[in-house]
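Visitor: Please walk me through this protein. I will ask short questions. What should I know before we start?

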Amino acid sequence: MRNLSPARRLWLALIRLAASCRILAYPLKLRRLWNLGFMGEYFLSQDKKDRFFFLTHDYYLSRFFTLAQRIDCAIAHYSYEGQNCTPAYLRSVYHSEFGLTLWQQVVNGVRCAITLRATEDNRHEGDLSVCCYVNDARVSRVSFSYVDCSIFGLPPQRTIFVTRNQTYLIPELQLFRDIYKQNSPPYFCIASICGIAMANGMHAILMVKSDAQIAFAEQYADSFSNSYSALWKRLGAEEIGGQHAYSMSIPLPLAPLSAVRHRSRAIARRRNWLEITLSARRTMLEYRMSRVPPPAGVEADDLPMPWNGH
């Protein structure tokens with residue numbers, strides 16, 4: 001945007017305005033957005049020019065959402081955040097470039113951290129991003145939004161909808177692999193999202209199908225499958241019939257260790273995930289308006305056996 005000519009900037013602004021005006025066809029939804037202050041408090045000052053990002057881009061969260069569903073999802077996310085999170089959370093997540101630290105660890109002088117922040121590049125691909133950093137270099141990002149399950153034909157309740165999974169091929173990625181053997185940054189990010197879901201009393205989260213991801217292109221179908229649908233299945237997620245998403249139980253429905261070839265490696269991986277999940281849960285509970293109980297069968301400082309390597 002900074003390198004665009006004034007004429008090009010004006011043209012894009014007019015296109016964005018025209019796209020935003022489509023909300024006038026939904027006066028009741030417009031009123032709800034009005035009550036949210038058009039979500040102005042959820043943007044850094046330099047980003048406020050695109051408050052209607054859920055309308056101004058080709059897609060929002062999923063390639064298969066209708067215009068009305070896109071508006072509903074935006075309202076669901078920001079109303080949920082406003083009702084459940086403290087001002088300190090909003091400042092850390094939406095007004096800070098550093099975000100809210102959910103977990104961190106220093107190993108052999110290398111700092112690894114997981115943070116939660118408002119998505120700063122493509123918010124229409126997921127309003128919030130959980131990012132994995134190695135020595136302040138981002139090696140992975142998993143984005144999500146809070147949605148109402150009814151949009152997928154499920155009983156109405158708020159849940160997390162994971163919509164983006166991206167790994168950055170930079171030198172720090174190898175540092176991560178050297179420290180955490182047989183592990184991957186997206187798993188750390190997903191473990192954090194599980195902790196966020198638990199802090200909100202959620203029993204399951206939803207995850208976008210590969211061909212519904214908004215950047216999907218047919219020529220890269222195999223790559224998208226590996227990053228989305230195939231990964232969700234490996235984590236035990238199940239496809240929602242007739243929909244463009246998967247549902248995954250919280251805590252993760254991991255395979256029994258008796259079915260795993262390298263048991264010691266699996267135990268080490270699951271201990272990492274457990275630590276990250278609990279850390280994210282504790283942090284999020286500190287920033288909620290009120291505390292909620294964890295899913296059934298989960299104690300305050302522990303998770304069921306599948307996480308513990310049994």
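Guide: Two strands pair if DSSP finds at least two bridges between them. Helices (H or I, at least four residues) and strands (E, at least two) are DSSP runs, numbered from the N terminus. This is a predicted model, in which local features need pLDDT of at least 70 and side-chain atom pairs count only at pLDDT 80 or more, while totals for chains, interfaces and linings use all residues. Residues are numbered from 1 along each chain as its sequence is written, and side-chain values use heavy atoms, with hydrogens and water left out.

Visitor: How many helices and strands does the protein chain have?
Guide: Helices and strands are counted separately along the chain. The tally is 11 helices and 8 strands.

Visitor: What share of the residues is buried?
Guide: Buried means under 20% relative accessible area, exposed means over 50%, and partly exposed lies in between (1.4 Å probe, protein chains only). The protein chain has 310 residues, and the buried share is 51%.

Visitor: What is the strand order in the open sheet?
Guide: The sheet holds 8 strands with mixed pairing. Its edge strands, β1 (100-107) and β7 (238-239), each pair on one side only. From one edge to the other, the order is β1-β2-β3-β4-β5-β6-β8-β7.

Visitor: How many bridges join β4 to β5?
Guide: β4 covers residues 137-148 and β5 covers residues 158-167. Their partners include S145 with F161, and S140 with T167. The two strands run antiparallel, and the number of bridges is 9.

Visitor: On the other pairing, with β6, does β5 run parallel or antiparallel?
Guide: One bridge pair here is V162 with M207 in β6. The strands β5 and β6 share 2 bridges, and their sense is parallel.

Visitor: How many residues of β5 are buried?
Guide: β5 is mostly covered. Of its 10 residues, the number buried is 7.

Visitor: What angle does helix α7 make with β4?
Guide: Contact means heavy atoms within 4.5 Å. Axes are lines fitted to C-alpha atoms, for helices over the stretch in contact, and angles run from 0 to 180 degrees between N-to-C directions. Helix α7 (residues 185-199) packs on the sheet, touching β1, β2, β3, β4, β5, β6 (204-208) and β8 (245-249). Its angle with β4 is about 35°.

Visitor: And what angle does α5 make with β2?
Guide: α5 lies across β1, β2 and β3 (128-134). Its angle to β2 is about 110°.

Visitor: Which elements give two or more residues to the lining of the largest cavity?
Guide: A cavity is a set of points on a 1 Å grid over the protein atoms alone where a 1.4 Å probe fits but cannot get out, and lining residues have an atom within 4 Å of a point. The largest cavity has 10 lining residues, and L44, Y94, R117, A118 and R123 lie nearest its centre. The elements asked for are α5 (87-94) and β2 (110-118).

Visitor: How much space lies in that largest cavity?
Guide: Grid points are joined across faces, edges and corners, and a volume is the space filled by probe spheres set on the points. The search of the whole structure finds 1 cavity of 30 Å³ or more. The space in the largest cavity is about 40 Å³.

Visitor: Is G126 buried or exposed?
Guide: G126 sits in the loop between β2 and β3. Its contacts beyond four places in sequence are L61, T119, S143, F144, S145 and T163. Its relative accessible area is 0%, so G126 counts as buried.

Visitor: Where does L61 lie?
Guide: L61 has a positive phi, near 70°, and is not a glycine. At 1% relative accessibility, L61 is buried. Its place is the loop between α3 (53-56) and α4 (67-84).

Visitor: Is N108 buried or exposed?
Guide: N108 lies in the loop between β1 and β2. Its phi is also positive, near 55°, in a residue other than glycine. Its relative accessible area is 77%, so N108 is exposed.

Visitor: Which residues does L175 touch, beyond four places in sequence?
Guide: L175 lies in helix α6 (residues 171-179). With a relative accessible area of 32%, L175 is partly exposed. The residues touched are V110, V134 and N135.

Visitor: Which two residues does the cis peptide bond join?
Guide: Omega of this bond is about -5°. P251 lies in the loop between β8 and α10 (263-286). The joined residues are I250 and P251.

Conventions
1 Å grid on protein atoms, 1.4 Å probe; cavity = no way out; pocket = protein on both sides within 12 Å on 5 of 7 lines; lining within 4 Å.
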